[in-house]
Amino acid sequence: MAILKSVYALPLGLAHPIGPISCLLVLCLFSGAQAGAIGIECHKPFVWEGAAVNAVILPYVNMSEDREPLTRAAEELTLLVQMNVLFSMLKYSGVGATVLSVRHVSPKMLETECSAETVMDKLLGKVAGARAQVPPGKGIVLIWGYLYEEGSDIFIQSYIRFLRRDVDDRLVLKVDTPAHAPLTFAGRMPDQAFAFAPRRVNVDELKQIGRAFRKSAMVRRAPDINSEGDEINLNPDIPFQYRVMEARNGWMRIEAYEHTGPSGWVHAQSSLGDVPMGRRLPELFFVEGAVGYLRFRVHLDGIADHPYVDRMRSYAQRALARFARYSAAAESAEAGAMANILSGSLDILGEKPLEAAAANDKFAAAALSIPYSAAARNLSAISSIYLGSQSNWAEVKPAEISRKLLDSLALDAGNKDILTNMEKFYQLIKPLPPATRQMQPTEIDRKLAAVQRVLGSLEKQ
Amino acid sequence: MLGRREASWMAVGATVAVIFSLLSVQLGETQTIDCVESLSGGIYQIYLDELDYTKEGLQNDPQLQNLMQRLYFKLRTNAKGLTLSSTPVPLAVALCKGRKPKGEVSFNKRMVESLDDSDVILELWGLLDAKQLDGQVSNRNASICFVLIPVLLDEYLNPLQPGLQFVTYPKAPDIASGELINLLEQSLELETFAAIGIGVNLLKNKKYDEAMKYICKARILLQPMVASGGNESRKALKDYVEETARQIIVKARGDANYAGALIELVDPVNPCP
């Protein structure tokens, strides 16, 4: 647990002009490795500029006709999600979480100024309005959703979008060749925004949410559920910002900034009865994995180093594996595929790649889950090239890879990455012995010439 | 071309449709579509209409009310999910308050052309129905109609006529009425039909590579629907999609301005993987 206790300074980000309230938020912030903020008005969103990755959570919006009965439950659920997300992020170090508030916000504003799309645009600096923006190269995970109440049931529909600002999220694999300089094969990620499968929570579980909320929404003197404490104020007029100083056995010790709220211990690993919340809402595991993936990529880019890279990678992969285990067949195809792609990328990226065969299996599974995705098929193809070249083409056959690339191209005929991969691939396999390449030289030449003609025409455009 | 369930529903709604048909033929050309978020100019739109009941009195049935609410939640959140995927131009969902089409008669050619001009790729409307006998309500069901606007426009020349696609609930006849819709199931119809609408729209604009992307996506998503005993209209739609994919290749190869991968690197007979 030593890593969880590590706290180290990160640079402050003050590059953007900010208003008086923002000064309160930013000037003293993020001297620690993890930080959180609750109750930030949704139309003036905020992130921790010093954090390598931020998780921003928009409160779940009630879609029922009668909004009132659910309002409190939605707020409590949102805070529980934030506590769980922040706690799960602690292990990565250099991360921040913010919960936006939709109190005092009209339904119209929820669909406009406080929509997930607008909030993200503000945080990325595409439109004005954020108190603090995500700095270039750093990561953000935005989580939002809708609730619908019917009798004793609540239906939860969650969405996620995750990215690094101004960075084209691609996987680039280097393949050594005997005759030439190393060849690189590239592929973009499929859409990094999608809906999870809807979940149904019944009235008993809702009561458990309430109990869990009351456990979490207290800042206590000691890491003990029976210890006295102060309630966390959710009033958006009084935002509460804190940094996490220490984590221990499901508790985190927070320190409030500038007397914005109480300091002490918060119970951060909520459960619904005997079931940890992540098992009931597996998307929390996905969020944990996505934060880890982004943190890893930010580290690889040299923007914000991480002291324990291998451990970070394994934490992220474990979270993604848990997501797969607990969401199972009910999960949306996109979410399942993306979990495999993130995990496969973690396998294959970095100075010390893990097993290429494992990555190849995960990319193949992703392409099977979303067979209409050229991006997923292309990633599967390039990981096969990587594995094939490493295994002297014993694991995968060039003819099979050629088929994968052609199928990817049919689904995205103007994709320059795929065409370039094809060009390099045919150049790579051409010198191989006939028994290995399993393709006729004339066929390779014909395809290579066709690919080069298309690339030439794209160059002229 | 409708399956038995759709045909049955259509019979139930036939009287209503006839009553409204004369009205809608007149309204069709002039009716203002009042959509909350209706946008124009380079944005694909999905119109989500209000759901309605087939006959008076059903609106007082609590289970049907629940069904309507849950169905609307499902359609709205699914459509919002679709808007997250990257498309050649943004995709938006417009909530059309007060708009309640009553059948194909509500979509005359001029109306469909007008919707197509506004880049509306899909319109969803639905009716809830049940049997009423001695004050008792039973056999509750719902039918959602997906109007594939660019396909419907094409349909005036196309014998397959797959522009209107119905999804009925409950999907399995043995589901109890209280469990009419299992929200935890994967529903791929909306994603499939939206992909077709976008693909056909792109083909009309001679964006062959992008059109192929969406048409092949639809082809892949339709395959299991048809393989698992899909109805006739779904099979007709699959045939239409496969023919559209081949037409994309033909038109791309016939276009002197096109020099992309569809010319030599994609199979002209079975273009989609």
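This talk walks through a predicted model, from chain A to the contact and then into chain B.

Chain A first. The chain has 461 residues, and 55% of them are buried. Its secondary structure comes to 16 helices and 17 strands. Now the contacts within chain A. Take those between residues at least 6 apart in sequence: 67% of them join residues at least 24 apart.

Next, the contact between the chains. How many residues does each chain put in? Chain A gives 33 residues, and chain B gives 30 residues. On the chain B side, the elements that give two or more residues are α2 (62–82) and α6 (208–227). By class, that side has 16 nonpolar residues, eight polar and six charged. A word on size, in general. The size of an interface is often given as the accessible area lost when the parts come together. I am quoting residue counts here.

Now the sheet in chain B. Five strands form an open sheet, and the order is β2-β1-β3-β4-β5. The pairing is mixed. Which strands stand at the edges? In chain B they are β2 (91–96) and β5 (164–169). Each has a single partner strand, so one side of each is left without a neighbour in the sheet. Ignoring direction, neighbouring strands of this sheet are turned by 20 degrees against each other on average.

Look at one pair in detail. Strand β4 of chain B covers residues 136–148, and β4 pairs with β5(B) in the antiparallel sense over six bridges. For a spot to find on screen, take B:Cys145: B:Phe166 in β5(B) stands opposite.

What lies across this sheet? Helix α5 of chain B, residues 189–204, lies across β1 (44–53), β3 (120–133), β4 and β5 of chain B. Against β3(B), the helix runs at about 145 degrees.

Last stop: helix α3 of chain B, residues 109–117. Which of its residues are buried? B:Met111, B:Val112, B:Leu115 and B:Asp116 are. Note that an aspartate, B:Asp116, is among them. Seen down the axis of α3(B), the buried residues fall within an arc of 135 degrees, so they line one face of the helix. The face turned away from that buried side carries B:Arg110 and B:Asp117, and both are exposed. Just after α3(B) comes B:Asp119, with a positive phi of about 60 degrees.

Definitions and conventions
Residues are numbered from 1 along each chain as its sequence is written. Chains are lettered from A and ligands numbered from 1 in the order in which they are written. This is a predicted model: local features need pLDDT of at least 70, side-chain atom pairs count only at pLDDT 80 or more; totals for chains, interfaces and linings use all residues. Two residues are in contact if their C-beta atoms, placed from the backbone, lie within 7 Å. Helices (H or I, at least four residues) and strands (E, at least two) are DSSP runs, numbered from the N terminus. Ala, Val, Leu, Ile, Met, Phe, Trp, Tyr, Cys and Pro count as nonpolar, Asp, Glu, Lys and Arg as charged, and the others, Gly among them, as polar. Two strands pair if DSSP finds at least two bridges between them. Axes are lines fitted to C-alpha atoms, for helices over the stretch in contact, and angles run from 0 to 180 degrees between N-to-C directions. A residue is buried if 20 or more other C-beta atoms lie within 10 Å of its own, exposed if 12 or fewer, and partly exposed in between; C-beta atoms are placed from the backbone. The arc is that of the directions from the helix axis to the C-beta atoms.
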